[in-house]
Amino acid sequence: MSEFFNDIWRSLNAPQKYLSSKYFYDEAGDAIFKEIMECPEYYLTNCELEIFAEQQDGLTQKILAQLSQFDVAELGAGDCTKSIYLLQALLQQKVDFTYYPIDFSGNIISLLDQRLPAQLPGLKLRGLNGDYFDMLGKLKALSTCSKVVLFLGSNIGNIPLANTVDFLKKLRSFLSPGDLVLIGFDLVKDPAVIIAAYNDKGGITKRFNLNLLQRINNTFNANFDLSQFDHKPYTMSSQANVKASWKAG
């Protein structure tokens with residue numbers, strides 16, 4: 001709770017106000033994001049689903065060509081919609097591994113603990129609820145096995161461009177020689193396609209973003225008037241990296 005409060009206080013008192021994307025994901029935010037993934041404009045989920053559904057054997061062989069024993073850790077696991085294909089392929093190959101989903105949402109970790117063992121019989125799973133790097137540090141203490149780290153969904157796009165290199169360097173510091181990382185990157189495309197994905201006609205992404213203000217209201221008895229805020233996605237660069245902003249009405 002204190003970390004949440006301190007982060008919110010610091011970010012809203014910065015010269016250019018911001019809110020960390022990791023706080024989007026409370027129970028309500030998790031449910032709304034699932035709606036986003038299913039809306040027609042949000043192409044990213046379907047693209048990655050196609051890759052994992054059609055290339056799961058190839059991905060598995062790439063991993064097994066370099067590692068025989070390892071753990072799989074997924075940063076921002078969500079509901080495991082995409083990575084479940086890879087986990088299934090590894091189980092079919094009789095690979096002995098443990099899956100460590102890492103997510104800032106305790107609700108998500110609880111759901112995965114309940115659902116995945118039934119969906120993937122034989123899967124060894126230990127969910128880690130918290131900040132990516134805190135949990136990678138915990139994982140390093142829990143297991144000496146090599147690691148295959150998944151960072152999917154173009155989540156790296158949530159990191160400010162100026163901080164991306166620092167993020168990757170810090171990620172590297174938690175890895176050992178021979179460990180593997182699989183990262184999802186969006187491709188350069190017409191900015192209008194990306195804007196539509198983050199500004200869907202149904203207003204789902206708007207609800208998702210404004211839910212963070214509601215979460216702050218609920219948690220700290222704050223008084224943000226959501227009717228005075230709007231959702232304004234815009235392109236950040238020639239590569240059409242999209243962020244969302246709030247603008248008081």
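Which residues have the most contacts inside the largest nonpolar core? I started there, keeping in mind that this is a predicted model. The core has 23 residues, and Phe70, Val72, Phe97, Tyr99, Leu116 and Val148 have the most contacts inside it. I then looked up which elements feed it: H3 (43–64), E1 (70–75), H4 (83–92), H5 (106–119) and E5 each supply at least two residues. The largest share comes from H4, with 4 residues. I jotted down the general point as well: in soluble globular proteins, nonpolar side chains tend to be buried together.

**Val148**

I picked Val148 from that list and pulled its contacts, skipping neighbours within four places in sequence. Val148 is in contact with Ile63, Leu67, Phe70, Asp71, Val72, Ala73 and Leu180. There is also a second, separate core of 20 residues, and Phe4, Ile194, Ala197 and Leu210 are among its members.

**E5, H7 and E6**

Next I checked the strands. E5 (residues 146–151) and E6 (residues 180–183) run parallel, and 4 bridges join them. I looked up one pair: Val149 has Val181 as its bridge partner in E6. With helix H7 (residues 161–173), the two strands make a right-handed β-α-β unit.

**Gly153**

Gly153 sits in the loop between E5 and H7. Is Gly153 buried or exposed? I get a relative accessible area of 16%, so Gly153 counts as buried, the cut-off being under 20%. Beyond four places in sequence, Gly153 is in contact with Leu44, Glu48 and Lys82. I also took a distance to Thr219, which is 66 residues from Gly153 along the chain: the C-alpha atoms are separated by 28 Å.

**H6**

For H6 (residues 132–142) I listed the buried residues: Phe133, Met135, Leu136 and Leu139. They cover an arc of only 160 degrees around the axis, so they lie on the same side of H6. What do the buried residues of H6 pack against? I found E1, E2 (98–103), E4 (128–129), E5 and H7.

**H1**

I did the same for H1 (residues 2–12). Phe4, Asp7, Ile8 and Ser11 are buried there. Their arc around the axis is only 95 degrees, which puts them on the same side of H1. I then turned to the face away from that buried side and found the exposed residues Ser2 and Trp9. The buried residues of H1 pack against H9 (204–220).

**Ile36**

Ile36 is in H2 (residues 27–38). Its relative accessible area is 3%, so Ile36 is buried. Which residues does Ile36 touch, not counting those up to four places away in sequence? I have Tyr42, Ile204, Thr205 and Phe208. I checked the spacing for the last of these: Ile36 and Phe208 are 172 residues apart in sequence, yet 8.4 Å apart in space, C-alpha to C-alpha.

**Confidence**

Last, I looked at pLDDT. The chain mean is 89, and 94% of the residues reach 70 or more. Where does pLDDT stay under 50? That stretch is residues 237–249, for which the model has 45 contacts beyond four places in sequence. Where pLDDT is low, the predicted coordinates should not be read in detail, so I left the individual contacts of that stretch out of these notes.

Conventions:
Residues numbered from 1 in each chain as written. Predicted model: local features only at pLDDT ≥ 70, side-chain atom pairs only at ≥ 80, totals over all residues. Heavy atoms only, no water. Pairing = 2+ DSSP bridges. Right-handed = clockwise from strand over helix to strand, strands pointing away. Core = buried A, V, L, I, M, F, W, Y, C linked by side-chain atoms within 4.5 Å. Buried < 20%, exposed > 50% of the residue type's maximum accessible area, 1.4 Å probe, protein only. Contact = heavy atoms within 4.5 Å. Arc of directions from axis to C-beta. pLDDT = per-residue confidence, 0-100.
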